[in-house]
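Reader: I'm used to gels and assays, not models. Could you walk me through how to read one, a feature at a time?

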Amino acid sequence: MEIYGTETHRIIHGDALLAMKELPDNSVDLIFADPPYNIGKNFNGHKDRWATEEAYLTWCYEWLDLCVKKLTPNGTFYVMTATQFMPFFDIYLRKKLDVLSRIIWYYDSSGVQARNYYGSMYEPILFCVKDRDNYTFNTSEILVEAKTGAKRKLIDYRKAVPTIYNSEKVPGNVWEFARVRYRMNEYENHPTQKPIALLERIIKASSNVGDLVMDPFSGTFTTCFVAKELGRSSIGIELQDEYVKIGLRRLQLAKEFKGEKLEKEIRTFEMEKMASVGNYKLFEEPNGTYIHGEH
Ligand SMILES: C[S@@+](CC[C@H](N)C(=O)[O-])C[C@H]1O[C@@H](n2cnc3c(N)ncnc32)[C@H](O)[C@@H]1O
């Protein structure tokens, strides 16, 4: 296990369970956990598939317990997994935390276009707190447009003094955010990168400036990146060195990793753009990669 970064933004390269065991209990204000879903994704050559569903859940229960332990007494926990496993998480966590919302992150495109069944257009997120009478929820930071009454300039006559409907409201539990696409600025080379906008809502709502935010399965370190942008501290844990490199670069914690310069991968359309500008000519290699050469 190796640790990089600063006191304020720590990146732990290693196993989430081992790393969390080393952290003090009751010390993290907000945890966002987006683990492997046991659906066969390829994380840098490491297949996200357990021998049985039971084996996956047993592993999950171990790190779920650790997350609960590491949360401060007024801490908040958001956790994701595949739709088929979320009911097990829900039942398990209900005995340890208060589940306040069951959120649906909805997007208008499925990765695989299903033909013979209904394609998956959402991922579930459980929103839990340790103490339902004392937790952070910054309503004013996450208000969204209220599309109904206010838009139509309706007046609420049920009130003692008739009032115009509010133009803003706290979001409901169906959240629509676009998935991260190849052409988006925030795109990194990872199969299940979560959008910045999703983490912005979570971190703004459920933590304050200076709080400690932790992500035990950091991937592209979206959580830690947003935490830094919003003035929180962060701990990110990740097993794969390719993704640790993304985190170090995204959080501007290092320019090099083991002698390798940390630079964002150039995407094919960026190469085409560079080529058309004229300073560079791109030569396609027989294996489909491109090399640069000056005129
Ligand atoms: C669903 S992805 C997280 C994506 C992330 N939320 C993002 O926005 O990029 C899960 C990540 O957990 C990592 N991982 C798998 N097993 C792990 C373990 N035991 N400890 C730490 N990280 C692990 C995988 O390499 C993968 O990057």
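Reader: Let's start with F89: is F89 buried or exposed?

Author: The way to judge that is to count neighbours: a residue is called buried if 20 or more other C-beta atoms lie within 10 Å of its own. F89 has 22 other C-beta atoms within 10 Å, so F89 is buried. Keep in mind that this is a predicted model.

Reader: Okay, and where does F89 sit, and which residues does F89 touch?

Author: For that, find the element first and then look for partners far off in sequence. F89 is found in helix α3, residues 86–94. Leaving out residues up to four places away in sequence, F89 touches C60, L64, V79, T81 and L126. You can also check a C-alpha distance: F89 and I125 are 36 residues apart along the chain, and their C-alpha atoms are separated by 10 Å.

Reader: What about the chain as a whole, how many helices and strands are there?

Author: The chain has 7 helices and 19 strands. Buried residues make up 29% of its 295 residues. As for contacts with a separation of 6 or more, 61% of them come from residues 24 or more positions apart. Along the principal axes, the C-alpha atoms fill a box of roughly 75 × 50 × 45 Å.

Reader: How do I read a sheet, then? What is the strand order in the open sheet of 9 strands?

Author: Walk across the sheet from one strand to its neighbour, ignoring the sequence numbering. Here you get β1-β2-β15-β14-β3-β6-β8-β7-β13, with mixed pairing. The edge strands are β1 (2–5) and β13 (174–176), each of which pairs on one side only. Ignoring direction, neighbouring strands of this sheet are turned by 20 degrees against each other on average.

Reader: Mixed pairing, you say. In what sense do β3 and β6 pair, and in what sense β6 and β8?

Author: Compare the directions of each pair. β3 and β6 pair in the parallel sense over 5 bridges, and I31 has F77 in β6 as its bridge partner. β6 (residues 71–80) and β8 (residues 122–129) pair in the antiparallel sense, also over 5 bridges, with Y78 standing opposite F127 in β8.

Reader: And what is on the other side of β3?

Author: β3 also pairs with β14, in the parallel sense over 2 bridges. There, L30 stands opposite V213 in β14.

Reader: Why is β3 described as largely enclosed?

Author: Take the burial count residue by residue. In β3, 6 of the 6 residues are buried, so the strand is largely enclosed by the rest of the structure.

Reader: Which helices lie across these strands?

Author: Look for a helix in contact with several strands, then read the angle. Helix α4 (residues 196–206) lies across β3 (28–33), β6, β7 (98–106), β13 and β14 (212–215), running at about 155 degrees to β3. Helix α6 (residues 241–250) lies across β1, β2 (9–13) and β15 (233–238), at about 170 degrees to β2.

Reader: What domains does the chain have?

Author: The domain assignment gives domain 1 (2–136 + 173–263) and domain 2 (265–295). Their C-alpha centres lie 35 Å apart.

Reader: Last one: which residues come nearest to the ligand?

Author: List the shell, then sort it by character. Of the 19 residues around the ligand, A16, K194, F217, G219 and T220 come nearest. The shell divides into 8 nonpolar, 7 polar and 4 charged residues.

Methods: Residues are numbered from 1 along each chain as its sequence is written. This is a predicted model: local features need pLDDT of at least 70, side-chain atom pairs count only at pLDDT 80 or more; totals for chains, interfaces and linings use all residues. A residue is near a molecule or strand if its C-beta atom, placed from the backbone, lies within 6 Å of it. Ala, Val, Leu, Ile, Met, Phe, Trp, Tyr, Cys and Pro count as nonpolar, Asp, Glu, Lys and Arg as charged, and the others, Gly among them, as polar. Domain bounds come from an automatic or database domain assignment. Two strands pair if DSSP finds at least two bridges between them. Helices (H or I, at least four residues) and strands (E, at least two) are DSSP runs, numbered from the N terminus. Axes are lines fitted to C-alpha atoms, for helices over the stretch in contact, and angles run from 0 to 180 degrees between N-to-C directions. Two residues are in contact if their C-beta atoms, placed from the backbone, lie within 7 Å. A residue is buried if 20 or more other C-beta atoms lie within 10 Å of its own, exposed if 12 or fewer, and partly exposed in between; C-beta atoms are placed from the backbone.
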